[in-house]
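Student: Let's take a close look at one part of this model, going slowly. After that, please carry on to the other parts that deserve a comment.

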Amino acid sequence: KKLSKAEKKAMRKQHRAKSILNRHILKDEFKVTNGATKHLLIANGGLGCGITRTILASVFNRYGQITNIIMLPNKPFSVLSYQSVADAMQAYNNVHGAELLNICQVDTDYLLKSGIKAFFLNYLEDYFFETKTESDASLPEGLLLIKDYITAEEEEELMLCIGWSSNNTQSDCGDDQFNSSKTPSSNDDTAISTYQNSAQQQLKHRRVKHFGYEFRYGSNTVDKDKPLDAAIPKKCRNITQRMKYDGYIKDEPDQLTVNEYMPGQGIPPHVDTHSIFEDQIISLSILSPIVMDFRHPNGSRISVSLPRRSLLIMSGESRYLWSHGITPRKYDVVVCDDSDVNAGMTLCERSRRVSFTFRKIRCSPCNCKYPNFCDTQRNVSLKAEESVNPGNDEEAKILEREYVYNVSNIYDKIADHFSGTRHSPWPIIAKFLNDLPQGSMVLDIGCGNGKYMNVNKSLCMIGCDHSIGLLAICRERGLEALHCDILNLPFQSNAFDACICIAVIHHLSTKKRRIDALKECIRILKRNGVALVYVWAFEQNHNDIQNKEEKIVGNATGSSINDAMSNLEIDKSASNNKIRHFDKQDLLVPWHYNNRHNRKFTKENKSSVFDKTICHRYYHVFKESELVSLCKMINNVTIRESFYDHGNWCVILNKICD
């Protein structure tokens, strides 16, 4: 049967509706149907399109009793159900494609901003869909929210005592953007002192005032020895004293930060520095509500609505472990408090908000129960790498026992995570292997997960490593690899045609041990055998490796490395790596290890606060020409090539005699 024009149009609309559901992975929960039902899909009537629940209620209430409205965060559609099919049909016939401004009497400003001029409807089959709102989610442990903690009068007084009024905005501040449109009265000495002496800042996304101590955003610290002239205002202290009397806080704060947020402004996720502030962080929301996002290190996220004049107290896990922040946007998705059909999620337009954040300066080291996330206990508050330089032989022995002899134990622990970051062979190393004659015997010293052992399948490659964990990964991949120490390789002399030693020798802590390791690499080679050695470079500020002039020492062949250099752009991992800066040559470099990368890590302990650990590894980073100088101390080799690649100094050596 040939379809009419109207029937074809209806089919196109239904297809579009199905596409929307498929795109948002909801095709199994909601199914579009041709026949009339009591359930309507409003394809462009969701929170993601800027439509509110009150708009839907205003448009659809007149056609019958609504039993349910489903609106999901960030979704463009909504679902509306009537008590009867007849009511749904009446709504469909009157609303579908009609001019909304003619039938909607509320939230017209939202409607205009959304740009939606008409709703497009489809019928849905009966469904079962359980909506979960943020009120269903439990708050992070240690988080306390008290609604309506202050009165409207106290709100106005707080704004005045900091030199801001409750009705001025950033745009009406004139040349002095911190002047209030309403100055404190002359009989309020505290307000005048506050107004004149507080630390005031205009940050990129908000304006800020500090009292008691200035918080320094660049370093996330305060100078405990330099309190501000402006202490916390008296009216604010009255509020904090009441908090303490009510049993909400243990210590009275001595630092206050006031932030002003205009619509569209926010603050990135962060955890207040452990070493600077005591346990409790207190936030008082003034002038308007906001949604604050809390994130756990395991990936969990909870959005918490902070009503106007509410008090939020973070302590314990919520203070030390969960990050908190405000997403910069002009609308929040919030839960309606109504008891009728409108109850559920809707949009709330943001307006000017001011937060009062009270904190207590810490006078002793933090000993919280989250050492892996505590800057005091890790002693890495401002250091990405720890400098290590043994002062005597005894210190050197201790250092080597902990971070050199046991470095393989560290790699055993991080093997799965480490292997996951080592998957793409570097072009120059791959070219070295591919240029070797077919059937060559090749040893990969420090083979790791064996990523280079299958580059050229015409070679007979054997791997060796000190890490049992990485060797297990090699065996899973069907590679031949065995346990060894680079200073005492378990192979006969003159056994291999070539060897590679990538990122190993820099783990040895003395010059003598580094030379001995190079000699051992040469010992196992046949005469005229070739070795490729990579070590970390001290010089890490090369913006473009291709512009780094190649250094050819001795009898360089010339073309082999140059050819590979021209292909460096295909290795994306190098360009994406963050450039490291070294201040000294002997370092402990941290590896930030997440237990979720451990294949033995079970789901039961996935939410543990100890998911993330830091393992420190000793490195001696080589300066330019240092590796070449060591190689020149070995009598039976010539240096064929020397070059810089991916933040490493590299050499290709030829064995000339036994």
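Tutor: Let's start with empty space: the largest cavity has a volume of about 30 Å³. Bear in mind that this is a predicted model. Rolling a probe the size of a water molecule over the atoms shows where empty space is left. The search turns up 1 cavity of 30 Å³ or more. Its lining is made of Tyr261, Met262, Pro263, Gln265 and Ile290, together with Arg350, Ser351 and Arg353.

From there, hop over to Ser315, which sits in the loop between β16 (311-314) and α8 (317-320). With a relative accessibility of 18%, Ser315 is buried, because the cut-off is under 20%. Leaving out residues up to four places away in sequence, Ser315 is in contact with Glu141, Gly142, Asp279 and Gln280.

Gln540 is another buried polar residue you may want to click on, with a relative accessible area of 17%. You'll find Gln540 in the loop that runs between β26 (525-536) and α16 (559-565). Its side chain has backbone oxygens to talk to: that of Ala537 is reached at 2.7 Å, and that of Gly647 at 2.8 Å.

Since Gly647 has come up, have a look at His646 too. His646 belongs to the loop between β29 (637-645) and β30 (648-655). Its phi is near 50 degrees, which is a positive value in a residue other than glycine. At 16% relative accessible area, His646 counts as buried, because that is under 20%.

Asn494 also has a positive phi without being glycine, in this case near 60 degrees. Its loop is the one between β24 (481-483) and β25 (496-502). Asn494 is partly exposed rather than buried, because its relative accessible area of 31% falls between the 20% and 50% limits.

If you're colouring by backbone torsions, add Gly478, which comes after α14 and has a positive phi near 75 degrees. As for helix α14 itself (residues 468-476), its buried residues are Gly469, Leu470, Leu471, Ile473 and Cys474. An α-helix has 3.6 residues a turn, so residues three or four places apart point the same way.

Now for some sheet topology. An open sheet is built from 5 strands, ordered β1-β5-β2-β4-β3, with antiparallel pairing. Strands β1 (32-33) and β3 (66-71) are at the edges with a single partner strand each, so each has one side without a neighbour in the sheet. Further in, β2 (residues 39-42) and β5 (residues 121-124) pair antiparallel over 4 bridges. One residue pair to pick out there is Leu40 with its bridge partner in β5, Tyr123.

Helix α2 (residues 53-60) packs on this sheet, in contact with β2, β3, β4 (78-82) and β5. The direction of α2 makes about 145 degrees with that of β3. Helix α3 (residues 85-95) also meets these strands, lying across β2, β4 and β5. Relative to β5, α3 runs at about 160 degrees.

Terms used. Residues are numbered from 1 along each chain as its sequence is written. This is a predicted model: local features need pLDDT of at least 70, side-chain atom pairs count only at pLDDT 80 or more; totals for chains, interfaces and linings use all residues. Side-chain values use heavy atoms; hydrogens and water are left out. Helices (H or I, at least four residues) and strands (E, at least two) are DSSP runs, numbered from the N terminus. Buried means under 20% relative accessible area, exposed over 50%, partly exposed in between (1.4 Å probe, protein chains only). A polar contact is a pair of N or O atoms within 3.5 Å; within protein, one must be able to donate a hydrogen and the other to accept it, and residues adjacent in sequence count only if both atoms are side-chain atoms. Two strands pair if DSSP finds at least two bridges between them. Contact means heavy atoms within 4.5 Å. Axes are lines fitted to C-alpha atoms, for helices over the stretch in contact, and angles run from 0 to 180 degrees between N-to-C directions. On a 1 Å grid over the protein atoms alone, a cavity is a set of points where a 1.4 Å probe fits but cannot get out, and a pocket is an open set with protein on both sides within 12 Å along at least five of seven lines; lining residues have an atom within 4 Å of a point. Grid points are joined across faces, edges and corners, and a volume is the space filled by probe spheres set on the points.
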